[in-house]
Amino acid sequence: MNALIIADWLLAHNNAVMKYNSADELSNLKIQKLLYYAQGCSLASLGKVLFEDDILAWKHSPVVESVYQKYHQYGRSGISEIPDYPVLNPEIELLLINT
């Protein structure tokens, strides 16, 4: 699985939460941090990587470059491009919800 699929799931899930609860749009920076935490949680709890993309150590945060490139035009603003929910393994969805 690649990080773009996980990023799309996080954006779609956040959009669904925003409809019923108070929540902010996710920015590129927030997505990057969530990907970093989710990868660590997957390694710790499942013993395997969640996605195959490398996480790079950039000056201000960890970055998955493919996700950064897709959403960098939003800058620090929330990402308004909301994808459909990608279909994930229920074990992975539970991990992401609890991250």
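A nonpolar core is a set of buried Ala, Val, Leu, Ile, Met, Phe, Trp, Tyr and Cys residues joined through side-chain atoms within 4.5 Å. Keep that in mind as you open this structure, which is a predicted model.

**Stop 1: the core**

Begin by selecting Ile6, Leu10, Ile31, Leu35, Leu50, Val67 and Leu96. In the largest nonpolar core, which has 21 residues, these are the ones that touch the most other members. Now colour helices H1 (3-20), H2 (28-46), H3 (65-71) and H4 (90-98): each of them supplies at least two residues of this core. H1 gives the most, with 6 residues. As a general backdrop, nonpolar side chains in soluble globular proteins tend to be buried together.

**Stop 2: around Val67**

Stay with the core and centre on valine 67. Leaving aside residues up to four places away in sequence, what does valine 67 touch? Show Ala3, Leu4, Ala7, Asn28, Ile31, Gln32 and Leu35, and you have its contacts.

**Stop 3: where H1 meets H2**

Next, hide everything but H1 and H2. Their axes come within 10 Å and cross at roughly 115°, and the crossing is right-handed. To see the contact itself, select Ala3, Ile6, Ala7, Leu10 and Leu11 on H1, then Ile31, Leu34 and Leu35 on H2. Try colouring the selection by residue type: the contact divides into 8 nonpolar residues, no polar and no charged.

**Stop 4: Asp8 and Lys70**

Bring H3 back for a charged pair. Lysine 70 forms a salt bridge with aspartate 8, and the closest N and O atoms are 3.3 Å apart. The count of salt bridges in the model comes to 1. Why does this pair tie together parts that are 62 residues apart in sequence? Lysine 70 lies in helix H3 and aspartate 8 in helix H1, so the link spans that separation. Switch on a surface and look at both ends: aspartate 8 is buried, because its relative accessible area is 15% and buried means under 20%. Lysine 70 is partly exposed, with a relative accessible area of 30%.

**Stop 5: Ile5**

Finish back on helix H1, where isoleucine 5 has its place. Is isoleucine 5 buried or partly exposed? At 31% relative accessibility, isoleucine 5 counts as partly exposed. Select Pro86 and Leu88 to see what isoleucine 5 touches, again not counting residues up to four places away in sequence. For a last distance, draw a line between the C-alpha atoms of isoleucine 5 and histidine 60: these residues are 55 apart along the chain, and the line spans 23 Å.

Technical notes. Residues are numbered from 1 along each chain as its sequence is written. This is a predicted model: local features need pLDDT of at least 70, side-chain atom pairs count only at pLDDT 80 or more; totals for chains, interfaces and linings use all residues. Side-chain values use heavy atoms; hydrogens and water are left out. Buried means under 20% relative accessible area, exposed over 50%, partly exposed in between (1.4 Å probe, protein chains only). Helices (H or I, at least four residues) and strands (E, at least two) are DSSP runs, numbered from the N terminus. Contact means heavy atoms within 4.5 Å. Axes are lines fitted to C-alpha atoms, for helices over the stretch in contact, and angles run from 0 to 180 degrees between N-to-C directions. A crossing is left-handed if the near helix is turned anticlockwise from the far one by less than a right angle, and right-handed if clockwise. Ala, Val, Leu, Ile, Met, Phe, Trp, Tyr, Cys and Pro count as nonpolar, Asp, Glu, Lys and Arg as charged, and the others, Gly among them, as polar. A salt bridge is a side-chain nitrogen of Lys or Arg within 4 Å of a carboxyl oxygen of Asp or Glu.
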